[in-house]
Amino acid sequence: MEEDALNQPTPAETDQSLHLLSESPCGSVVIYVVPESSTLLPEGVSVYVGQRRTSLLRAGRPMRLGVGLKEVLAHLETQVQQVLKVMSFSHSDITAALSDRVRLDYSSRDGLVDSMRAFKSSPGYEITFSLLNPDPKSHHLHWDIEAAVQSYIQPLLSKLAPVADFSLDSQILYYAVLGVNPRYDPSLNAYTLNADSLSHVINPVEARLGSSAASSNPVLNFLLYVPDARHSPLYITDHRKYTVVSNAFSSPRWGGIMVYNVNGTELPVDINIDMTRVMGVFLAQLRLMLGVQSSTPPPGFLVGPCGPAGLADWELDRLLWSRSVENVATATTTITSLAQLLDQIGNIVINDNIAEQVSAAVASLQLAVGQLEAGNLGLALQYSKEAILQSERAFFDPSLLHLLYFPDDQKFAIYIPLFLPMCVPILLSLLKMAAEARQRRRARQDKKE
């Protein structure tokens, strides 16, 4: 049956057929080695990475008959390592997961940017889609956001259900401007926003979104801006003054903004927004914001499409690895900080409830690490989430808060101004009484002499 699957006309069909035969467990990578003469892979392609957990590897130069398994593995070792680097958890994922906690040496500026772009691990996320219409009198905008979300965004969120909970909402903001005056470019016969001015775009818009205060979860903002007739068309340019193909940009750990230009000289004009083009951009930005790393494959690699869900199975595995490691690091840091604070406060009393939470957090951490070592990513992520919740409950327990925020030095700073005025007359009276006692003692000695 596997041979029949490998005889499919295209690598994508082979990947699907192999998946139907036996579904690979989460966290695994299955490599099928095909002969060098096989026509399954296109010319110039040595490795095909599908949307499942399967890859097809061309054997390369032929080997002599009668070789053992060790010789075969040694012959394919370099290619296998490249496949694992693409499909499995790698050093770059660890760097991104621990970027806020340890000081790491980034080999390139892109590595630093990638680690700062994604949101950090959270039990839930709020996703808000906003349509900005600065000139509603001239532009009557119509967007079918509900159908677009169901078709493009919801399949991705359903596949990411083990990672976090997601909630979606949308809004239309009228008379909302970007806050930056675009410049007219005669060579393009259009207005432009350069890369240096993009950082000033978000603050004026964010004040009108009003979504960050509605939930304690991180908010991912995706804005579609339709420029007014005076500044249309409007294009975003990069640092080299070239127009961005998607006409969109993203802000690390905040969201993305896309500029949607419309055609029409007679005003007002009714506009039906092409949601396919818009959601293609927002879907790519959402993947980056959630930490789905899209690394450039080595030469000779062909990475297949992600499928209707917008996320390959091996990409989900990498994300589960990353979130589990990040959660373990966060819970460990919280427990360590709590232990250091308790060591500094000598008279603190630990309730049984706090001790139970710390003990449960440590046990969950040990289980998470054990499941990671065993490759059970789903259980590892679940235990790591429990470790975070239990460690934060212990750290922010109400019985500890007043002691954590009022150590001994602060108590002295508070009570000394209250008791010092009363202590001064008492101290002076004691000094006066001691002086009088010395005088009486001296007088008695003089009488005896």
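**View 1. Burial and contacts across the whole chain.** A residue is called buried here when its relative accessible area is under 20%. With that in mind, welcome to this predicted model, in which 41% of the chain's 449 residues count as buried. The surface left exposed by the chain is about 25500 Å², and 55% of that area is supplied by carbon and sulfur atoms. Turning to contacts with a separation of 6 or more, residues 24 or more positions apart account for 75% of them. As you look around, you can pick out 13 helices and 14 strands.

**View 2. The open sheet β7-β8-β10.** Here we visit an open sheet of 3 strands with mixed pairing, in the order β7-β8-β10. β7 (183–185) and β10 (234–236) each have a single partner strand, so they stand at the edges and one side of each is left without a neighbour in the sheet. From one strand to the next, the twist averages 45 degrees.

**View 3. The pairing of β7 with β8.** Moving in on this sheet, we find β7 paired with β8 (residues 190–193) in the antiparallel sense, over 3 bridges. For a residue to look for, try arginine 183, whose bridge partner in β8 is threonine 192.

**View 4. The span annotated as a transmembrane region.** Our last stop is residues 412–435, which an unreviewed UniProt entry annotates as "transmembrane region". In the predicted model, residues 412–435 are 100% helix and 0% strand, and the C-alpha atoms at the two ends of the span lie 31 Å apart.

Note on methods
Residues are numbered from 1 along each chain as its sequence is written. This is a predicted model: local features need pLDDT of at least 70, side-chain atom pairs count only at pLDDT 80 or more; totals for chains, interfaces and linings use all residues. Side-chain values use heavy atoms; hydrogens and water are left out. Helices (H or I, at least four residues) and strands (E, at least two) are DSSP runs, numbered from the N terminus. Buried means under 20% relative accessible area, exposed over 50%, partly exposed in between (1.4 Å probe, protein chains only). Contact means heavy atoms within 4.5 Å. Accessible areas come from the Shrake-Rupley method with a 1.4 Å probe; for residues, only the protein chains shown count as cover. UniProt positions are given in the numbering used here, feature names are shortened, and annotations may be inferred rather than shown by experiment. Two strands pair if DSSP finds at least two bridges between them. Axes are lines fitted to C-alpha atoms, for helices over the stretch in contact, and angles run from 0 to 180 degrees between N-to-C directions.
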